[in-house]
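Reader: I would like a close look at a single part of the structure shown below. Please keep to the computed geometry and give the cut-off behind each term.

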Amino acid sequence: ILADLATKANTDDSVRLARKVQGEMVTRLRRTWGREAIRDLGVKQALFYVLVGARMPAILVEASFVSNPDEEKRLRTTKYQEEVARGIAEGVRRFLDEREAIAQGRIPAAGAVF
């Protein structure tokens, strides 16, 4: 029962983390390349083998599709790579800030932005 509860908590945290990272990446990339160029495909949930058994929030980030010529071109640039990395880092920071605020009681757990 405890293992199931821990898994559920990690799953919920993983979804929140994924949404924060996705939001930050998309926002940051759209500032440079425009809304039309950067599509937001949202957050998807799946049971990935590499994430099974993780005892912490865990996500996989799909930054671009190399099969898409425009995305492949952007992905080759240092600027795009840096913006993706900054988006991921900022999403993680926002997630951690939110968790800390919940732990300190500054925002209720139910009031967390999902």
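Author: Asp 13, Arg 16, Lys 20, Glu 98 and Arg 99 are linked in a network of salt bridges, a salt bridge being a side-chain nitrogen of Lys or Arg within 4 Å of a carboxyl oxygen of Asp or Glu. The model is predicted, so to speak of local features takes pLDDT of at least 70 and of side-chain atom pairs pLDDT 80 or more, while totals for chains, interfaces and linings use all residues. Residues are numbered from 1 along each chain as its sequence is written, and side-chain values use heavy atoms, without hydrogens and water.

Some context for the network comes first. The protein chain has 3 helices and 0 strands, in the order α-α-α along the sequence; helices (H or I, at least four residues) and strands (E, at least two) are DSSP runs numbered from the N terminus. The protein chain contains 12 salt bridges by the rule above.

Within the network, Asp 13 and Arg 99 meet through their side chains in a salt bridge, at 3.5 Å from N to O. Asp 13 belongs to helix α1 and Arg 99 to helix α3, so this pair ties together parts that are 86 residues apart in sequence. The two partners can be described by their cover. Asp 13 counts as buried because its relative accessibility is 10%, where buried means under 20% relative accessible area, exposed over 50% and partly exposed in between (1.4 Å probe, protein chains only). Arg 99, at 36% relative accessibility, counts as partly exposed.

Glu 98 and Lys 20 also form a salt bridge, with their closest N and O atoms 3.2 Å apart. Here Glu 98 lies in helix α3 and Lys 20 in helix α1, so the pair ties together parts that are 78 residues apart in sequence. Both Glu 98 and Lys 20 are buried.

Glu 24 is another charged residue in helix α1. Its relative accessibility is 15%, which means that Glu 24 counts as buried. The C-alpha atom of Glu 24 is separated by 6.9 Å from that of Ile 88, although the two residues are 64 residues apart along the chain. Not counting residues up to four places away in sequence, Glu 24 touches Gly 87, Glu 90, Gly 91 and Arg 94, contact being heavy atoms within 4.5 Å. With Arg 94, the side chain of Glu 24 makes a polar contact of 2.7 Å. Such a contact is a pair of N or O atoms within 3.5 Å; within protein, one must be able to donate a hydrogen and the other to accept it, and residues adjacent in sequence count only if both atoms are side-chain atoms.

Tyr 80 also belongs to helix α3, which covers residues 78–103. With a relative accessible area of 2%, Tyr 80 is buried. Its C-alpha atom is 9.9 Å from that of Arg 28, a residue 52 residues away in sequence. Leaving aside neighbours within four places in sequence, Tyr 80 is in contact with Leu 29, Trp 33, Ile 38, Ala 63, Ser 64, Arg 74 and Leu 75. Ala 63 also offers a backbone oxygen, which the side chain of Tyr 80 reaches at 3.2 Å.

The structure holds 1 aromatic pair. The ring centres of Trp 33 and Tyr 80 are 5.2 Å apart and the planes stand at 75°, so the pair is edge-to-face. Trp 33 is in helix α1 and Tyr 80 in helix α3, so the pair ties together parts that are 47 residues apart in sequence. For the term itself, rings of Phe, Tyr and Trp (its six-membered ring) pair if their centres lie within 6.5 Å; planes under 30 degrees apart count as stacked, over 60 as edge-to-face and the rest as tilted. Trp 33 is partly exposed, with a relative accessible area of 24%, whereas Tyr 80 is buried.

A salt bridge outside these helix pairings joins Arg 76 to Glu 72, with the closest N and O atoms 2.8 Å apart. Arg 76 is exposed at a relative accessible area of 63%, and Glu 72, at 28% relative accessibility, counts as partly exposed.

For the whole protein chain, buried residues make up 27% of the 114 residues. Among contacts with a separation of 6 or more, 65% come from residues 24 or more positions apart.
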